[in-house]
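This report describes how parts of one protein chain are arranged. It begins with cysteines and then turns to a sheet, two helices and the cores.

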Amino acid sequence: HTQYQRSRADSFTNRLAGEPIIVAEGDYPDGLLLVRAGFARVSQNVNKGHQTVRYIGRGAVFGMAEIVHNWRQDAIQQQSREQDDGAGGGQDSNSQSLAETMTLQATLRALGYVDILRVPTTVIEKYVLPTLSAAEIAQYGQFDGHLESIEITRAERRAEAQAIEPGMLEFLVEHRYINGTATMLVDMDRCIRCDECVHACARAHDNNPRFNRHGRRHDHYMVANACMHCMDPVCMIGCPTGAIHRSSPDGQVVINDNTCIGCATCANSCPYDNIRMVEVRDGNGALIRDTVTKAPIIKATKCDLCLDQLGGPACQRACPHDALKRADMQDLSDLGKWLNR
């Protein structure tokens, strides 16, 4: 996060140059990479630049599809040799072409600090792949000699990206809104400034709205100052009491008011300025003060995606003109449908 804050004013090209390459597209897949901590960018060469395919974080793996493909092709080649030996003939050109090694199909770059574990390919081939079922192998792609499956996957990703205007996609990546799983987008052409979204948020949180209806804009779209519930929430780093945490399997990032001590570590860490420090009030609206200093008690607050509301985010449900969406930036297809509706 510190590195990003220092470089956020730089152009995307300069920031990309400063992201260390872990492995590059075209390299031999000599090991399975597991992300133990941090965040990394997966990109592919397009013309003279790089197109971001996705971002991966803790628990993700990289390079499995290529390892599976090469392992399968080695098995096919071995089977072909055995058949040729049994028939007394030599290996034909078709079996030779099938054994071509697939190199890595994307580049992996580190965003800030990333902790990577590398398991050698030979270990994966010897101890992991033989234990997997056909269905488990299939989820990593059934690659044939001409890599049709990889091309299909690339075509699908291109179609998803092309559904979004290039300038909009660059805007989302440039400011790292792509990190969000619930980024608040507002269509300013549809928005009539009725503030129903703000009122709904206030009603759901004891008359204390947890977002501001303003933010950066691209064309007629605005990204509002509301917690995006990031894939890699750097706001959690350094919280002395663990008050800010993920509260459910769905991954919402929330703050425990009972354990928050108002140190502002999370607010200072958020790259998007989406966490506010507010004075705490009682049920009657009076300020709660420290018993010794008499100063108002201040705690951190932010959007919690209306975790206790059965219908989901009140802001999105309250908009009368479908001008607001909480978008998962990993689902480009859904985002493209909303932008082009």
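A disulfide is a pair of cysteine sulfur atoms within 2.5 Å. In chemical terms, a disulfide is a covalent bond between the sulfur atoms of two cysteines. The structure shown here is a predicted model.

**Cysteines**

How many disulfides does a search of the whole structure find? The search finds 0. Two cysteines show why a bond is absent at their positions: the sulfur of C239 is 5.9 Å from the closest cysteine sulfur, which belongs to C263, and this is too far for a bond. For C306, the closest cysteine sulfur is in C201, and at 6.0 Å that is also too far. The table lists these two cysteines.

| Cysteine | Closest cysteine sulfur | Distance | Relative accessibility |
|---|---|---|---|
| C239 | C263 | 5.9 Å | 22%, partly exposed |
| C306 | C201 | 6.0 Å | 6%, buried |

Is C239 buried or partly exposed? Residues count as buried under 20% relative accessible area. C239 has 22% relative accessibility, so C239 counts as partly exposed. C306 has 6%, so C306 counts as buried.

C306 is also one of the residues touched by G312, together with L305 and R317, when residues up to four places away in sequence are left out. G312 sits in the loop that links strand 12 (298–301) and helix 11. Its relative accessibility is 15%, so G312 counts as buried.

**The sheet**

Strands of a sheet pair through backbone hydrogen bonds, either parallel or antiparallel. Here, an open sheet of 4 strands follows the order 7-8-6-13, and the pairing is antiparallel. Strand 7 (212–218) and strand 13 (324–327) are the edge strands, each pairing on one side only. From one strand to the next, the twist averages 35°.

Within this sheet, strand 6 (residues 183–187) pairs with strand 8 over 3 bridges, in the antiparallel sense. L185 has V223 of strand 8 as its bridge partner.

**Helix 8**

Helix 8 lies across strand 6, strand 7 and strand 8, and runs at about 125° to strand 7. At the start of this helix, a side-chain oxygen of E165 comes to within 2.8 Å of the backbone nitrogen of G167. Helix 8 covers residues 166–174, and its buried residues are G167, M168, L169, F171, L172 and V173. Just after the helix, R176 has a positive phi of about 60°.

**The cores**

The largest nonpolar core has 34 residues, of which M168, L172, L185, I275 and L335 touch the most other members. At least two residues of this core come from each of helix 8, strand 8 (221–225), strand 10 (253–255), helix 10 (265–269) and helix 12 (332–339). Helix 8 gives the largest share, 5 residues.

What does M168 touch, not counting residues up to four places away in sequence? M168 touches L185, H218, Y221 and L339. Apart from the largest core lies another core, of 15 residues, including V198, F211, A323 and L324.

**Helix 9**

V198 is also among the buried residues of helix 9 (residues 196–204), which are C197, V198, A200, C201, A202 and A204. Which elements do the buried residues of helix 9 pack against? They pack against strand 7, helix 11 (314–318) and strand 13. Just after helix 9, D206 takes a positive phi of about 55°.

How values were computed
Residues are numbered from 1 along each chain as its sequence is written. This is a predicted model: local features need pLDDT of at least 70, side-chain atom pairs count only at pLDDT 80 or more; totals for chains, interfaces and linings use all residues. Side-chain values use heavy atoms; hydrogens and water are left out. Buried means under 20% relative accessible area, exposed over 50%, partly exposed in between (1.4 Å probe, protein chains only). A polar contact is a pair of N or O atoms within 3.5 Å; within protein, one must be able to donate a hydrogen and the other to accept it, and residues adjacent in sequence count only if both atoms are side-chain atoms. A nonpolar core is a set of buried Ala, Val, Leu, Ile, Met, Phe, Trp, Tyr and Cys residues joined through side-chain atoms within 4.5 Å. Contact means heavy atoms within 4.5 Å. Two strands pair if DSSP finds at least two bridges between them. Axes are lines fitted to C-alpha atoms, for helices over the stretch in contact, and angles run from 0 to 180 degrees between N-to-C directions.
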